[in-house]
Amino acid sequence: MRILKYLFLLLLLSLVALSIFVATQKGNFTVERSKIINSPKSSVYNYVNDYKNWRDWNSLATEDSLINITYSKNTIGKGSSCSWNGKQGDGDLQTTNIKENDSIIQTMNFNGNSADVSMSFKDTLGKTKVSWKAKGKMGFLFKVLTAFNGGAEKIFGSVFEKSLINLDKKLDYEINTYSVKVNGLVNNPETFYLAQTFTSEFSKVSKNSGIVISKITTFCKKNNVTISGKPFVIYHTYNTTNELTKMSVCIPIKDPIFFIEGSDISSEKLQSYQAVKTTLTGDYSHTKKALDKTLEYIRANYLNADKAISHIEIYSIGRNEINNPSKWITEIYFPIRQKAVSKPTVAAPKPTEEIAPKPKVEKEIPSEF
């Protein structure tokens, strides 16, 4: 009996000693990892900036098939967030600030630990160096865990390393798997649409388009306006030298409606028109290849592009329908005037299809960007 008392006392003293040891350990930690990702900076930034993609690359999710993730209504940019519970614990992550195509700042709570998290993106000759850093404070239980598992540096460092490897593999396939097909001449019917017109830098087109599409879609739902097709963008001008474009982000509607003067949303109509259609399957970063290939087709077939606008892009399948960039489908249309009579070897137009609209130059509405 006395031996049992001594053993119990020894165990108690050991627990007290362990508690004192853990309590006196530094609670602050800083962990940082970097990796070269084999994809363009804008593509990497846009992919990481959307919490919908978090499940596909963060190791906390990829290694736990039963993890439950809840997303905020808006999953992109400042103010977006997600929370999770899984076999490795519970946590939440919120984006507090961003710098377009440069950095993402977040706050994280995970198993009683809090941290400020940052990810920076640096272009490296077509690839991207991603630097991921967490600086925070550990709770008591996590101190106990780290005491037996190599510390916060090893635990969080392992999560970062695995996640960056996953990100590279995922994007290497998703971003670099694409196809461009010039479909030829098509006839498109007249279309009524709602739009907001503004000038944007090339690098912000995707972000601005997403904001306006969401805004107009919400307007339609609140006012019982029937949406009749996929969102599209009319590029009125497309300055490749200054990388600026005047653009209208549009949602097709069944019937025209009227707005009070001064509204930043307008109701317009595209006349029917003939165009050269090109289909891009894949990430938007390959749009330039699709545009170049379309212009080559126009020149090779002695067609006259309509100079009233640059071109139109219809998002047949976009990021709102599916997270995989390799499966996005963008239809690109270059409106054509009458064909020049030149050589008799001009390729015959392919069968027509009904999809988009003939643009006219619209009055620019002040931008909110």
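Just after helix α8, tyrosine 302 takes a positive phi of about 55°. That value, like everything that follows, comes from a predicted model.

The helix that leads up to this tyrosine is worth a closer look. Helix α8 covers residues 287-300, which makes 14 residues, and at 1.5 Å a residue it should span 20 Å. Its end C-alpha atoms turn out to be 20 Å apart, so expectation and model agree. Along α8, the buried positions are Thr287, Ala290, Leu291, Thr294, Tyr297 and Ile298. Looking down the axis of α8, these buried residues fall within an arc of 120°, so they line one face of the helix. On the other side of α8 sit Lys288, Arg299 and Ala300, which are exposed. As for what lies over the buried residues of α8, the cover includes a set of strands: β8 (179-188), β10 (232-239), β13 (273-281), β14 (311-317) and β15 (329-335).

Zooming out, the chain's secondary structure adds up to eight helices and 15 strands. Of its 369 residues, 43% are buried. Among contacts with a separation of 6 or more, 70% are between residues 24 or more positions apart. On the outside, the chain exposes about 19,600 Å², and carbon and sulfur atoms supply 54% of that area.

One aromatic residue ends up on the outside. Phenylalanine 258 lies in the loop between β11 (244-253) and β12 (266-270). The cut-off for exposed is over 50% relative accessible area, and phenylalanine 258 counts as exposed because its relative accessibility is 82%. Phenylalanine 258 is ten residues away from glutamate 268 in sequence, and the two are 9.4 Å apart in space, C-alpha to C-alpha.

Then there are the cysteines. A search of the whole structure for disulfides comes up with zero. Two cysteines can be placed by their burial, for which the cut-off is under 20% relative accessible area. Cysteine 220 has a relative accessible area of 1%, so it is buried. Cysteine 250 is buried too, with a relative accessible area of 0%.

Notes
Residues are numbered from 1 along each chain as its sequence is written. This is a predicted model: local features need pLDDT of at least 70, side-chain atom pairs count only at pLDDT 80 or more; totals for chains, interfaces and linings use all residues. Side-chain values use heavy atoms; hydrogens and water are left out. A disulfide is a pair of cysteine sulfur atoms within 2.5 Å. Buried means under 20% relative accessible area, exposed over 50%, partly exposed in between (1.4 Å probe, protein chains only). Helices (H or I, at least four residues) and strands (E, at least two) are DSSP runs, numbered from the N terminus. The expected span of a helix is 1.5 Å times one less than its number of residues. The arc is that of the directions from the helix axis to the C-beta atoms. Contact means heavy atoms within 4.5 Å. Accessible areas come from the Shrake-Rupley method with a 1.4 Å probe; for residues, only the protein chains shown count as cover.
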